[in-house]
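Thank you all for making the time this morning. Please have a look at the sequence and the model as they come up, and I will then walk through them region by region.

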Amino acid sequence: MTNSKEADPHPSRWRRFLQYIEVPTDPGVPNTPWLNRDLIPMPKERRTYKIWSYFIYWCISGLCISGYTTGSTLLAYGLDATQAIVSLVVGGLIVGVLCVTCGWMGERHHIGFTVACRFSWGMRGAYFPVIVRAFVIIFWDGLQAYWGGQAVAVTIGAIIPGFAHMKQTLAGGILLTKDFIGIIIYYIFFIAMMRIPPERLQKPFIVSSVMFSATLIGLLAWAVSNTHSGGPLFQEQASLIHGGTGWAMLFGITAILGAWGGGTIGQSDWTRYANRPYAPTLSQLIAAPFCIIVCATIGIIVTSCAQEIVGSLIWEPFLLLAALQNYYNDSPRVRAAIFFAGLGCVCAQLGISIVLNSGCPTVRILCLLCPKCTNQRLLFRRRYINIRRGAYLLAFLGLASNPWQYLSNASTFLTVLSGFGIFFAPFSGILLADYFVVRRCTIKLEDCFIGDKRSIYWYHNGVNWRAPLAWVLGVFPTMPGLIMTTRDATAWNVWVRIFHIAFFVGLLISFVAFSVICWVSPPGNVGIGVLYHEENSFEVEGELETEEKEKEKEKGPV
């Protein structure tokens, strides 16, 4: 296939610049609104992830600062340490099961979340879950970058004590200047790492997981050796804000599922890299809950012990490191330990940021909806966006989301985490019901890349009305509780109780609703296709035609 750079023998200076920044095409894989190298069923040569690769992947996803703080934040909500750990165990096990089920289509058909949405929502309807997921990725990207910047600031402060004691602030006193400097440095390292393609990230993931694991072990050893116990939080009684213990624990489990909801529903973005069937399954069932439970439990123990030693409840590890530098009066030995521990936190944040961005071709799809592009055909003909550039855009938008605002207190953080579950749970329910119940894992892959009426997944004008209806039914019961909790943290009524179990309610209702709707009004394209992606069964010969191109041909050359 020829690149558009050869189309005009005498281009203008502006056109030459646009051609220069164009994303090159792979041989035999054109760039269209529905097809590119980021979306096609993963070729065999790019499927490089083995069983141990997925174990390392979950070391990154589970052994991270957000995992550490999830357990600690439950303490701030009022649960005692034992109740928080029980919530973590239950939530972690459910996450493992969801990872296996949501990643099955990637493992068997080698397609990602973006393409999987097309047979459930329709070729155009799939934009909706993609947009919602992109919004949440922006939120999480900003959160991880903010924490990564703080970790960088702590690491630099261990070398330069004066930097650690800077008091200047920005954003009305919420953001420390040193943290903002750390964010800028963090993004420099992030941009450099994003140049590594997803199929070659195993070794950087190993370095990241080993570094942060050493940080966790060091913090745990310091905490327990100084208190010779689990700390005072293991002796304190639960002090619940409202409701009984059961409701509080359900809220904690929902918060855990909400925190990892985006990761579970998008598992196919990573399982499509599996080098053989069932390679991700064992790691998803064992490594996912194990890493989540261990990391958060260590966070609870360290937070509890640190309260006895330092005198305050600090649930971010990098802030604890900064407090320890002050507690030990900038001792050289302590500063050396803090430097390496802070470096481990930086590596953990880089790893999780890469996980959020590298496997997801979402931004490339969002180019379809660019409001400033008056001719979408030209936008795709230019082909300016790939996964790497899309990740840069998400990172910028994540910083623009002002993550320091929604991290100002623990209760707000918990509400936000649970709020994610409201939207992701119905997506998961629809995806699982359609793939396992309605279609019985049978998909016609070729039609997932045809953007007109020739595709069996075109439905009515590109939208499968069954999916939006099931999604609304899954979201509606939990939305009032989210609004009430956001306005008044002390609110407690039937709607708030339902919100406390939002993930379970949304998943179950959308799953059942979609299954029943498809039973009453069958889609008509069920049972067509294959149970798994056969090698060389998906061939792209030339550029797939779409309705837009047919109209362009009718109009003639511009």
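When I say that two residues are in contact, I mean that they have heavy atoms within 4.5 Å. What we are looking at is a predicted model, in which local features need pLDDT of at least 70 and side-chain atom pairs count only at pLDDT 80 or more, while totals for chains, interfaces and linings use all residues. Residues are numbered from 1 along each chain as its sequence is written, and side-chain values use heavy atoms, with hydrogens and water left out.

Let me begin with the chain as a whole. The secondary structure comes to 24 helices and two strands, where helices (H or I, at least four residues) and strands (E, at least two) are DSSP runs numbered from the N terminus. Of the 558 residues of the protein chain, 58% count as buried; buried means under 20% relative accessible area, exposed means over 50%, and partly exposed is in between, with a 1.4 Å probe and protein chains only. If we take contacts between residues at least 6 apart in sequence, 85% of them join residues at least 24 apart.

Which residues touch the most other members of the largest nonpolar core? That core has 141 residues, and the ones in question are W58, F119, F205 and L320. A nonpolar core here is a set of buried Ala, Val, Leu, Ile, Met, Phe, Trp, Tyr and Cys residues joined through side-chain atoms within 4.5 Å. Helix α6 gives the most to this core, with 14 residues.

Taking F119 from that group, and leaving aside its neighbours within four places in sequence, we find it in contact with M105, I111, D434, Y435, R439, I443, C448, Y457 and Y459. The last of these, Y459, is in the loop between α19 and α20, and its phi is near 55 degrees, a positive value in a residue other than glycine. R440 is also placed in the loop between α19 and α20, and R440 has a positive phi of about 55 degrees although it is not a glycine. R440 is exposed, with a relative accessible area of 59%, whereas D447, which lies in the loop between α19 (410-438) and α20 (466-475), counts as buried at 3% relative accessibility. Apart from its neighbours within four places in sequence, D447 is in contact with M123, R454, S455, I456 and Y457.

Now to a pair of helices. The axes of α5 (residues 113-121) and α6 (residues 127-159) come within 8 Å and cross at roughly 140 degrees, and that makes α5 oblique to α6. Axes are lines fitted to C-alpha atoms, for helices over the stretch in contact, with angles from 0 to 180 degrees between N-to-C directions; angles under 35 degrees count as roughly parallel, over 145 as roughly antiparallel, 65 to 115 as roughly perpendicular and the rest as oblique. On the α5 side, F113, T114, C117 and W121 meet F128, P129, V130 and R133 in α6.

Let me turn to helix α2 (residues 51-62), whose 12 residues reach 16 Å from first C-alpha to last, close to the 16 Å expected at 1.5 Å a residue; the expected span is 1.5 Å times one less than the number of residues. This helix is mostly covered, with nine of its 12 residues buried, among them Y54, W58 and G62. S283, which is in helix α12 (residues 281-310), is buried with a relative accessible area of 4%, and, leaving aside its neighbours within four places in sequence, S283 is in contact with I51, Y54, F55, W58 and A288.

G62 leads us on to G67, in helix α3 (residues 65-77). At 1% relative accessibility, G67 counts as buried, and its contacts, again leaving aside neighbours within four places in sequence, are G62, W260, C295 and A296. How far apart in sequence and in space are G67 and T297? They are 230 residues apart in sequence and 9.3 Å apart in space, C-alpha to C-alpha.

One more pair of this kind involves T82, which is found in helix α4 (residues 81-109) and is partly exposed, with a relative accessible area of 47%. T82 and L233 are 151 residues apart in sequence and 9.1 Å apart in space, C-alpha to C-alpha.
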